[in-house]
Amino acid sequence: MEAMQQRLNAAPDTMLIRKQTVEHPFGTIKAWMGATHFLTKRFKNVSTEMSLHVLAYNLKRVINILGVKELTGAIQA
């Protein structure tokens with residue numbers, strides 16, 4: 001813990017960048033979900049629901065980056 005704190009003190013902006021990088025996808029997914037709660041109960045079901053949300057987020061990003069034609073071409077290849 002002390003070594004981690006020393007690295008953090010040496011470069012305080014690192015944590016800010018890390019927070020921004022990770023927070024954006026979760027904020028987007030949370031907004032898609034309605035910023036409320038999971039629709040299912042039990043860890044296995046909630047895990048599956050979250051995995052589907054992450055998959056949808058990643059697919060949407062790939063479509064926005066590559067485009068539909070490129071994505072379908074890559075899938076067929």
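**View 1. Burial and surface of the protein chain in the predicted model.** Of the 77 residues of the protein chain, 8% count as buried. The chain has an accessible surface of about 6,900 Å², and carbon and sulfur atoms account for 63% of that area. The chain carries 10 positive and 5 negative charges, and the mean positions of the two sets lie 9 Å apart.

**View 2. Helices and overall extent of the protein chain.** The secondary structure consists of four helices and zero strands, which gives the pattern α-α-α-α when read along the sequence. The radius of gyration is 18 Å, whereas the globule rule gives 11 Å for 77 residues; the protein chain is therefore more spread out than a compact globule. The C-alpha trace spans about 50 × 35 × 20 Å along its principal axes.

**View 3. Ala 11 in the loop between helix H1 and helix H2.** Helix H1 covers residues 2-10 and helix H2 covers residues 13-32; Ala 11 is found in the loop between them. Ala 11 has a relative accessibility of 31% and so counts as partly exposed, since that class lies between the cut-offs of 20% and 50%. From Ala 11 to Ala 74 the separation is 63 residues in sequence, and the distance between their C-alpha atoms is 40 Å.

**View 4. Arg 42 in the loop between helix H2 and helix H3.** The loop that holds Arg 42 runs between H2 (13-32) and H3 (43-66). Arg 42 is not a glycine, yet its phi is positive, at about 75°. With a relative accessible area of 70%, Arg 42 is above the 50% cut-off and therefore exposed.

**View 5. Helix H3 and its buried residues.** H3 has 24 residues, which at 1.5 Å a residue should span 34 Å. The C-alpha atoms at its ends are 34 Å apart, so the span agrees with the expected value. Which residues of H3 are buried? They are Glu 49, His 53 and Tyr 57. An α-helix has 3.6 residues a turn, so residues three or four places apart point the same way.

**View 6. Gly 67, just after helix H3.** Gly 67 takes a positive phi of about 100°. Arg 42, in the loop between H2 and H3, also has a positive phi, of about 75°.

Note on methods: Residues are numbered from 1 along each chain as its sequence is written. This is a predicted model: local features need pLDDT of at least 70, side-chain atom pairs count only at pLDDT 80 or more; totals for chains, interfaces and linings use all residues. Side-chain values use heavy atoms; hydrogens and water are left out. Helices (H or I, at least four residues) and strands (E, at least two) are DSSP runs, numbered from the N terminus. The radius of gyration is taken over C-alpha atoms; the globule rule is 2.2 Å times the number of residues to the power 0.38. Buried means under 20% relative accessible area, exposed over 50%, partly exposed in between (1.4 Å probe, protein chains only). Accessible areas come from the Shrake-Rupley method with a 1.4 Å probe; for residues, only the protein chains shown count as cover. Lys and Arg count as positive and Asp and Glu as negative; His and the chain ends are not counted. The place of a charge is taken as NZ of Lys, CZ of Arg, CG of Asp or CD of Glu. The expected span of a helix is 1.5 Å times one less than its number of residues.
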